[in-house]
Amino acid sequence: MTQTVAVLGTGKIGEALLSGMIRAGWRPANLLVTTRRSERAEELHNRYGVDSVSNAEAAGRADILILAVKPQDMGRLLDELAGHLTPDRLVISAAAGITTAFIEDRLAANTPVVRVMPNTPVLVDEGMSVISAGSHATTDHLAAAEAIFGGVGKTLRVPESQQDAATALSGSGPAYFYFLVEAMTDAGILLGLPRAQAHELIVQAAIGAAVMLRDSGEHPVKLREAVTSPAGTTISAIRELENHGVRAALIAALEAARDRSRELASGNG
């Protein structure tokens, strides 16, 4: 934690990483940020005690650069960094759909690049960040990325060829659960519950189920069977879910998300 880290792009994800690093023990003096607006720079300085610098200065001062800009802004950012970044720096990309090859081709030869796909629960320290090494990244570089993103949740190393699948499952995953909660809340209203009560019931059921999945180590089928008694209410509901093809719809949805991630990565946005 003696290295200097610069977060380039301090939107919600960038700020979540910044606050997570500080909670994990990073000193604000070793953290830099870049922002588009001076008001945002002042806000982050007041909140975390970090200094705001230009992208070029970040490239010259930081040992590790986290590129947390929108995918469509990545090309312009790399053009700014190219003349200032030396191959002894580690570049970590948190931009969806941007490959390590895209970044490597625009920076000095042999620059180590690590690709990370976090999801939005990093905002509450319950994120899942999927990490892949570029052509020149070592296990030490991967460990450095894990130390940063591990402060806001869990991390998992995968080959970069699996990043599109991970994006479909984990990166977009929270949205599927929000969609399900929305639908179940509406069902609760249809069954006669006030919206606030229906929402509270399903949210707590979701939290409890997630904790049981995480902590019990049991297969989800076993946990589901524990709730599903013969000729009971749950099996009647499960039958309707199967009749309406919910399982098949989920598989098709994730395949569509994976395919879209591949399109974005290939530049066919």
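Me: Which residues does UniProt give for the feature "domain: Pyrroline-5-carboxylate reductase dimerisation"?
Reply: The model here is predicted. The feature name comes from an unreviewed UniProt entry. That entry places the domain at residues 160-264.

Me: How much of the span 160-264 is helix?
Reply: Strand makes up 0% of residues 160-264. The end C-alpha atoms of the span lie 15 Å apart. Its helix share is 83%.

Me: How are helix 7 and helix 12 oriented to each other: roughly parallel, roughly antiparallel, roughly perpendicular or oblique?
Reply: Helix 7 covers residues 163-171, and helix 12 covers residues 246-265. Their axes are 8 Å apart and the packing angle is about 130°. Angles over 145 degrees count as roughly antiparallel, and 65 to 115 as roughly perpendicular. The angle fits neither class, so the two helices are oblique.

Me: What is the hand of the crossing between helix 7 and helix 12, left or right?
Reply: Helix 7 passes helix 12 here. The crossing is right-handed.

Me: How many charged residues are in the contact of helix 7 with helix 12?
Reply: Helix 7 brings Asp164, Ala165, Thr167, Ala168 and Leu169. Helix 12 brings Leu254, Ala257, Arg258, Ser261 and Arg262. Five of these residues are nonpolar and two are polar. The charged ones number three.

Me: At what angle do helix 7 and helix 8 cross?
Reply: Helix 8 spans residues 173-190. Its axis and that of helix 7 come within 5 Å. They cross at roughly 30°.

Me: How many nonpolar residues are in the contact of helix 7 with helix 8?
Reply: Ala168, Leu169, Ser170 and Gly171 of helix 7 meet Gly173, Pro174 and Tyr176 of helix 8. None of these residues is charged, and three are polar. The nonpolar ones number four.

Me: Which strands are the edge strands of the open sheet?
Reply: The sheet has eight strands with mixed pairing, in the order 3-2-1-4-5-6-7-8. An edge strand pairs on one side only. Those are strand 3 (51-52) and strand 8 (153-157).

Me: What is the bridge partner of Val5 in strand 4?
Reply: Strand 1 holds residues 5-8 and strand 4 holds residues 64-67. They pair in the parallel sense over four bridges. Val5 has as its partner Ile64.

Me: Which strands does helix 1 touch?
Reply: Helix 1 (residues 12-23) packs on the sheet. Its direction makes about 170° with that of strand 2 (31-34). The strands it touches are strand 1, strand 2 and strand 4.

Me: At what angle does helix 4 run to strand 4?
Reply: Helix 4 (residues 74-82) lies across strand 1, strand 4 and strand 5 (90-93). Its angle to strand 4 is about 155°.

Terms used. Residues are numbered from 1 along each chain as its sequence is written. This is a predicted model: local features need pLDDT of at least 70, side-chain atom pairs count only at pLDDT 80 or more; totals for chains, interfaces and linings use all residues. Side-chain values use heavy atoms; hydrogens and water are left out. Two strands pair if DSSP finds at least two bridges between them. Contact means heavy atoms within 4.5 Å. Axes are lines fitted to C-alpha atoms, for helices over the stretch in contact, and angles run from 0 to 180 degrees between N-to-C directions. UniProt positions are given in the numbering used here, feature names are shortened, and annotations may be inferred rather than shown by experiment. Angles under 35 degrees count as roughly parallel, over 145 as roughly antiparallel, 65 to 115 as roughly perpendicular and the rest as oblique. A crossing is left-handed if the near helix is turned anticlockwise from the far one by less than a right angle, and right-handed if clockwise. Ala, Val, Leu, Ile, Met, Phe, Trp, Tyr, Cys and Pro count as nonpolar, Asp, Glu, Lys and Arg as charged, and the others, Gly among them, as polar.
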